[in-house]
Amino acid sequence: MISQKSFWFSLSVFAFLIFALTLKLGYVEMSFKQSFNALFFNSQDSNLTYLIWELRIPRMLSAFCVGAVLALSGAILQSVLKNPLASPFTLGLSQGAAFGASFSIIILGSATFSIAGENISFIVIGAFVGALISSLFVLIFSTIKKINSQGLILAGVAIAAFFNAATMLLQYFSNDDQLAAAIFWTFGDLSKGKWTEIIFVSSFWLIGMFFVILRGWDFNTIVWGDNHAKSLGVKVFTLRIYALLFSSLLAAIATAFYGIIGFVGLIAPHIIKLLFENPKHHFLFFSSSILGGVFLMGADLLAKLVLSPITIPVGILTAFAGVPLFLFILIKRSLRD
């Protein structure tokens, strides 16, 4: 166990190192001096300034925002369902988004429409709607009183399997270009994000943080059981529905813009719980969210360096990191039970 002060200091140092290396490294490599001059518009090379402000900074902010949103969503789900395996990926939300994106690519094509002067692809809308439909199934199952948190995870597995089958059916009848586009979307790629997407995702993150800070005490009470929380005046059923709705919206908006980036919502909250014994939910939600953002920034930097100059989609790296942790949690729970 470490102190909160040590945690925030270490995380800040780690985040600054990632920030500096992300500005410097890439297909076009530059010195630290060149990258920071371009960052503060002191560079005499306009191409470097463009590279920093239109490519590297948006990608880095996208990584932080998506990681923060997915980690917050996972922390909410784990708390309200009281199951350490709960996350947007394990409950089928990501698979629902993949179906919606595939439907848009294969059936609707790559059409766009305009909102406030910005062109929004039907792929984004399809992925968002697909994730919401998947979350609706989770919400319906959560209202059945005899289904416990373990049963809800199994329901999520079934929902994921259904949407995977539906996606494969669409892909079977697609042409080569449509199939390639649909599969590439599922990789989870932060290069898709520009300033508009960053504003959308960060806005949802701020709304989500406001919700969990506002209801943080209620989340603390349900740790001791639903009956104890009810005796203190907490409307447990209402809290659970709102929490599932907010976490689903958070995961849906991030997945819709950036594709499937799995296990971030599983990794970040568990690291916080390993570092701090019984953390209060205000701290758990906020620290998990910030850690998730920094973690995804680091994963994206690693994705650029592993096979440089080829950049691996970050969703592949998070899957490699998440699967061992998922199995570790599963084995730990089995031994404890």
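The following legends describe close-up views of a predicted model.

**Figure 1. The second largest pocket of the predicted model.** This pocket has a volume of about 500 Å³. Its lining consists of 24 residues, of which F89, Q95, A160, N164 and I260 are the closest to the pocket centre. Four elements each give two or more residues to this lining: α4 (93–108), α6 (149–172), α7 (176–186) and α14 (314–336). Among these elements, α6 gives the most, with 10 residues. By class, the lining of the second largest pocket holds 15 nonpolar and 9 polar residues, and no charged residues.

**Figure 2. The largest cavity and its lining.** A search of the whole structure finds 2 cavities of 30 Å³ or more. The largest cavity has a volume of about 40 Å³. Residues from several stretches of the numbering appear in the view: L70, then S87, P88, F89 and S94, and finally I261, G262, F263, V264, G265 and L266 line this cavity. Helix α12 (residues 264–275) provides the largest share of the lining, 3 residues. The lining of the largest cavity comprises 7 nonpolar and 4 polar residues, with no charged residues. F89 links this view to Figure 1: F89 lines the largest cavity, and F89 is also one of the residues closest to the centre of the second largest pocket.

**Figure 3. The second largest cavity, between residues of α3 and α13 among others.** The lining of this cavity includes at least two residues from each of α3 (46–81) and α13 (281–305). The second largest cavity has a volume of about 30 Å³. The residues that line the second largest cavity are T22, R59, M60, A63, M297, D300 and L301. By class, they divide into 4 nonpolar, 1 polar and 2 charged residues. R59 and D300, both in this lining, are shown again in Figure 4.

**Figure 4. The salt bridge of D300 and R59.** Side chains of opposite charge can pair when their charged atoms come close. In this view, the side chains of D300 and R59 meet in a salt bridge, with an N to O distance of 2.8 Å. The pair links distant parts of the chain, as D300 lies in helix α13 and R59 in helix α3, 241 residues apart. Both partners fall under the 20% limit for buried residues: D300 is buried, with a relative accessible area of 3%, and R59 is buried, with a relative accessible area of 14%. The two residues also belong to the lining of the second largest cavity.

**Figure 5. The salt bridge of R215 and D218.** The model contains 2 salt bridges by the rule applied here. In this view, the side chains of R215 and D218 meet in a salt bridge, at 2.7 Å from N to O. D218 has a relative accessible area of 15% and is therefore buried, since buried means under 20%.

**Figure 6. A nonpolar patch on the surface.** I125, V129, I133, L136, F137 and I140 form this patch. Together, these six residues have about 470 Å² of accessible area. One of them, F137, lies in helix α5 (residues 122–142). F137 counts as partly exposed because its relative accessibility is 35%, a value that lies between the limits of 20% for buried and 50% for exposed residues.

Technical notes. Residues are numbered from 1 along each chain as its sequence is written. This is a predicted model: local features need pLDDT of at least 70, side-chain atom pairs count only at pLDDT 80 or more; totals for chains, interfaces and linings use all residues. Side-chain values use heavy atoms; hydrogens and water are left out. On a 1 Å grid over the protein atoms alone, a cavity is a set of points where a 1.4 Å probe fits but cannot get out, and a pocket is an open set with protein on both sides within 12 Å along at least five of seven lines; lining residues have an atom within 4 Å of a point. Grid points are joined across faces, edges and corners, and a volume is the space filled by probe spheres set on the points. Ala, Val, Leu, Ile, Met, Phe, Trp, Tyr, Cys and Pro count as nonpolar, Asp, Glu, Lys and Arg as charged, and the others, Gly among them, as polar. Patches are made of residues with over 30% relative accessible area and no salt bridge: like charges are joined within 9 Å, nonpolar side chains (Val, Leu, Ile, Met, Phe, Trp, Tyr) within 5 Å. Accessible areas come from the Shrake-Rupley method with a 1.4 Å probe; for residues, only the protein chains shown count as cover. A salt bridge is a side-chain nitrogen of Lys or Arg within 4 Å of a carboxyl oxygen of Asp or Glu. Buried means under 20% relative accessible area, exposed over 50%, partly exposed in between (1.4 Å probe, protein chains only).
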